[in-house]
Amino acid sequence: MLKKFNQFFHPQINRIDMSFTPFMANVNGNILQIMQATDDNIPDLLVLEEQVYSGRTPWNKFSFETELRKRRNSLYLVVYQASTLVAFIGARFSPEETHITNIAVAPAYQHQHIGRYLMQMMIDRARENDSDSVTLEVKTDNEIAQRLYQSLGFKGNFIRKDYYQDTHTDAMNMVLWLKPHQIKRKKFTF
Ligand SMILES: CC(C)(COP(=O)(O)OP(=O)(O)OC[C@H]1O[C@@H](n2cnc3c(N)ncnc32)[C@H](O)[C@@H]1OP(=O)(O)O)[C@@H](O)C(=O)NCCC(=O)NCCS
């Protein structure tokens with residue numbers, strides 16, 4: 001039965017589990033506290049954004065407030081070492097697709113596999129929630145992030161022209177298929 005019909009007739013099936021229990025993790029020698037983001041974290045999140053995006057905040061206070069409210073199908077995690085915000089990651093879940101909306105690691109903590117750890121955690125949750133795929137958008141010139149995603153199995157899917165309003169950069173949509181899939185081909189009539 002098609003997944004959408006199955007969900008319609010059996011809404012309890014495929015219900016997405018958004019529960020999250022905070023925990024401590026040792027990533028590359030860093031003892032990190034991983035927990036769900038709340039409005040209280042927004043000032044720290046804005047500072048972290050400024051650090052990684054050369055003073056810009058592509059997500060402002062309002063965007064964070066709006067996203068953090070969508071607890072039914074979204075998961076936003078903050079990572080602290082003591083009182084320092086080290087990283088964050090956000091994702092929206094649906095049975096068809098889990099979409100990574102945001103990820104950043106503070107400059108002093110980059111290249112220590114924290115980004116990989118967070119991505120892997122979301123991929124595992126997408127699998128547990130029976131998602132068909134994990135997708136994301138990345139700037140076409142962000143080679144570091146693309147290298148991370150490729151090493152996790154993501155493939156370039158298509159380009160979204162002028163996707164980032166602040167810098168007018170194109171985005172590459174990337175996808176990691178979690179299940180066998182069919183490539184939908186357009187039918188051409190001549
Ligand atoms: C992209 C980002 C989240 C990666 O986080 P990270 O914790 O530094 O990444 P990791 O240490 O887990 O690195 C995983 C892989 O990414 C690549 N990578 C990470 N940092 C790199 C660097 N400075 N130079 C080259 N490759 C790098 C490598 O392939 C690395 O694998 P390896 O260590 O086995 O070689 C981080 O660089 C960041 O916050 N950048 C600014 C915000 C951003 O661009 N977000 C992504 C938006 S789509």
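A cavity, as the term is used here, is a set of grid points where a 1.4 Å probe fits but cannot get out, and a residue lines a cavity if one of its atoms lies within 4 Å of such a point. The model on display is predicted.

**First stop: the largest cavity**

Select Gln36, Ala37, Glu67, Leu68, Lys70, Arg71, Ser74, Leu75 and Tyr76, which together line the largest cavity. The enclosed volume is about 50 Å³. Colour the selection by class, and four nonpolar, two polar and three charged residues appear in this lining. Next, display the secondary structure: helix 3 and strand 3 (74–81) each contribute at least two lining residues. Strand 3 gives the most, with three residues.

**Second stop: the other cavity**

The count of cavities of 30 Å³ or more comes to two. For the second largest, select Ala37, Leu45, Phe64, Leu68, Tyr76, Leu77, Val78, Phe88 and Ile89. Helix 3, strand 3 and strand 4 (84–93) are the elements that give two or more residues to this lining. The volume of the second largest cavity is about 30 Å³. Which element supplies the largest share of the lining of the second largest cavity? That element is strand 3, with three residues. By class, the lining of the second largest cavity consists of nine nonpolar residues, with no polar and no charged ones.

**Third stop: the largest pocket**

Now move to the largest pocket, whose volume is about 1,500 Å³. Its lining comprises 41 residues, and those closest to the pocket centre are Tyr53, Ile103, Asn142, Ala145 and Tyr149. To follow the walls, show helix 2 (42–52), helix 3 (61–69), strand 5, helix 4, strand 6, helix 5 and strand 7 (155–164), each of which gives two or more residues to the lining. Strand 5 provides the largest share of the pocket lining, seven residues. Colouring by class divides the pocket lining into 18 nonpolar, 13 polar and ten charged residues.

**Fourth stop: the ligand**

Display the ligand, since the space that it takes is the largest pocket. How many residues surround the ligand? The shell holds 20 residues, and the closest are Val105, His111, His113, Gly115 and Asn142. Asn142 is thus worth keeping on screen from the previous stop, where it was listed among the residues closest to the pocket centre.

Label the distances from the ligand oxygen atoms in turn:

- His113: a backbone N or O atom lies 2.6 Å from an oxygen atom of the ligand.
- Gly115: the distance from a backbone N or O atom to an oxygen atom of the ligand is 2.7 Å.
- Asn142: an N or O atom of the side chain is 2.7 Å from an oxygen atom of the ligand.

A surface calculation completes this view: taken alone, the ligand exposes 920 Å², of which the protein buries 79%.

**Last stop: the shell around the ligand**

Select strand 5 (97–105), helix 4 (114–128), strand 6 (133–139) and helix 5 (143–151), each of which supplies at least two residues of the shell. Which of the elements gives the largest share of the shell around the ligand? Helix 5 does, with five residues. Finally, colour the shell by class to find eleven nonpolar, six polar and three charged residues around the ligand.

Key:
Residues numbered from 1 in each chain as written. Predicted model: local features only at pLDDT ≥ 70, side-chain atom pairs only at ≥ 80, totals over all residues. Heavy atoms only, no water. Near = heavy atom within 4 Å. Polar contact = N/O pair within 3.5 Å; in protein donor to acceptor, adjacent residues only side chain to side chain. Areas by Shrake-Rupley, 256 points an atom, 1.4 Å probe, with all protein chains shown as cover. 1 Å grid on protein atoms, 1.4 Å probe; cavity = no way out; pocket = protein on both sides within 12 Å on 5 of 7 lines; lining within 4 Å. Sits in = over half its atoms within 2 Å of the grid points. Helix = DSSP H or I, 4+ residues; strand = E, 2+ residues; numbered from the N terminus. Nonpolar A, V, L, I, M, F, W, Y, C, P; charged D, E, K, R; others polar. Points joined across faces, edges and corners; volume = space filled by probe spheres on them.
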